[in-house]
Amino acid sequence: MDYLFLFLGLALLLVGANYLVEASVAIAQRAKISNFIIGLTIVGIGTSAPELFVSISSALTGNGDIAMGNVLGSNIANVFLILGVTATILPFAIDKTQQRRDIPVAIGATILVMLLANDSWIPGLGENTLTRLDGAFLLLVFIVYMAFVILRKGKNPEQALAEADEEASSILTGKNVMLLWAIAAVSLGALLWGGNMFLDAAKTLAKTWGMSDAVISITIVAVGTSLPELITAIIAACKKNPQLALGNVIGSNVFNLLMILGVSSTIHPYTLTTINVVDYLMALVAAICVFITIYTFKKQKFDRIEGIIFIAIYIGYTVYLLMR
């Protein structure tokens, strides 16, 4: 039954996140909110909804390792698995905005979380805790980053509006507003219910398999909540638009680190016991490896050989986790 609840909870998370985004975009359009703002906020946050609700549920139930492991594992899977698969299907270029702004921000956010979460590195502090103050600081950094992105995109309004129009489309556009609110409410309920069901099943299976919360969250939970990004990346590559995958992955990773950890630890601080330095370093290595691809093989391009290397690294890390 735990396997059934695991997959049912994941299905509720993915379907709930999808329809919450669709309904929210349609509601925002009826409220005359610009596609530019919708694309930057609702769509971006909505794609990270599975990670957000799993992390909040974990924090509220005192499972800090699952909350942190979910974020770190999702970021690692986003880079090594999702970008690896995408580049293996179809190599793609890395544009200058991603090189100069988005990738460095992802690296910086990873380092910031690693420093805030490892209090034991400071003499006299023996417990690793992500406090409400830490969470508030992460949220502040996230708000500053989003403001910077909005200001920068505002300097090239035609390109920004073109990107926003593509992002801010919904299959529910034009539907009755009461129906849209009902769909949003049901989707939110599905997210809450699915998150709790998925989390409970994952914890039970972890105990059955003799695995720690950290390992189960970095593997099964993280890959499960990263499925929207993986599906989007594969579809983008098949449609000859693989660059979309990189922007989606980098944006999702920054959201995970700053917004999700910020929100969940502000709601309820959590203590970390089984997440170790290797897991943080692996997330940092993943962010740095994206930057390195700019200068290896064909410069400013994500090549097929790099994609294969990324997949191999992910498989190796997963084997290490299972052995741990």
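**Exercise 1. Determine where helix H5 is kinked and how its span and surroundings may be described.**

Solution.
Step 1. In this predicted model, the kink in H5 is centred on asparagine 78 and amounts to about 35°.
Step 2. H5 runs over residues 64-89, which gives 26 residues. From the first C-alpha to the last, H5 reaches 36 Å, close to the 38 Å expected at 1.5 Å a residue.
Step 3. Of the 26 residues of H5, 23 are buried, so the helix is largely enclosed by the rest of the structure.

**Exercise 2. Establish whether leucine 180 is buried or exposed, and which residues it contacts beyond its neighbours within four places in sequence.**

Solution.
Step 1. Leucine 180 lies in helix H9, residues 177-209.
Step 2. The relative accessible area of leucine 180 is 0%. Buried means under 20%, so leucine 180 is buried.
Step 3. With neighbours within four places in sequence set aside, the contacts of leucine 180 are Ala23, Ala26, Ile27, Arg30, Leu172 and Lys175.
Step 4. Valine 25 is 155 residues away from leucine 180 in sequence, yet their C-alpha atoms are 9.7 Å apart in space.

**Exercise 3. Identify the helices in which confidence is lowest and highest.**

Solution.
Step 1. The chain has an average pLDDT of 80, and 85% of the residues score at least 70.
Step 2. Confidence is lowest in helix H8 (residues 157-167), with a mean of 52. It is highest in helix H13 (residues 277-292), at 92.
Step 3. Where pLDDT is low, predicted coordinates should not be read in detail.

Key. Residues numbered from 1 in each chain as written. Predicted model: local features only at pLDDT ≥ 70, side-chain atom pairs only at ≥ 80, totals over all residues. Heavy atoms only, no water. pLDDT = per-residue confidence, 0-100. Helix = DSSP H or I, 4+ residues; strand = E, 2+ residues; numbered from the N terminus. Expected span 1.5 Å × (residues − 1). Bend = angle between axes of the 7 residues up to and from the residue. Buried < 20%, exposed > 50% of the residue type's maximum accessible area, 1.4 Å probe, protein only. Contact = heavy atoms within 4.5 Å.
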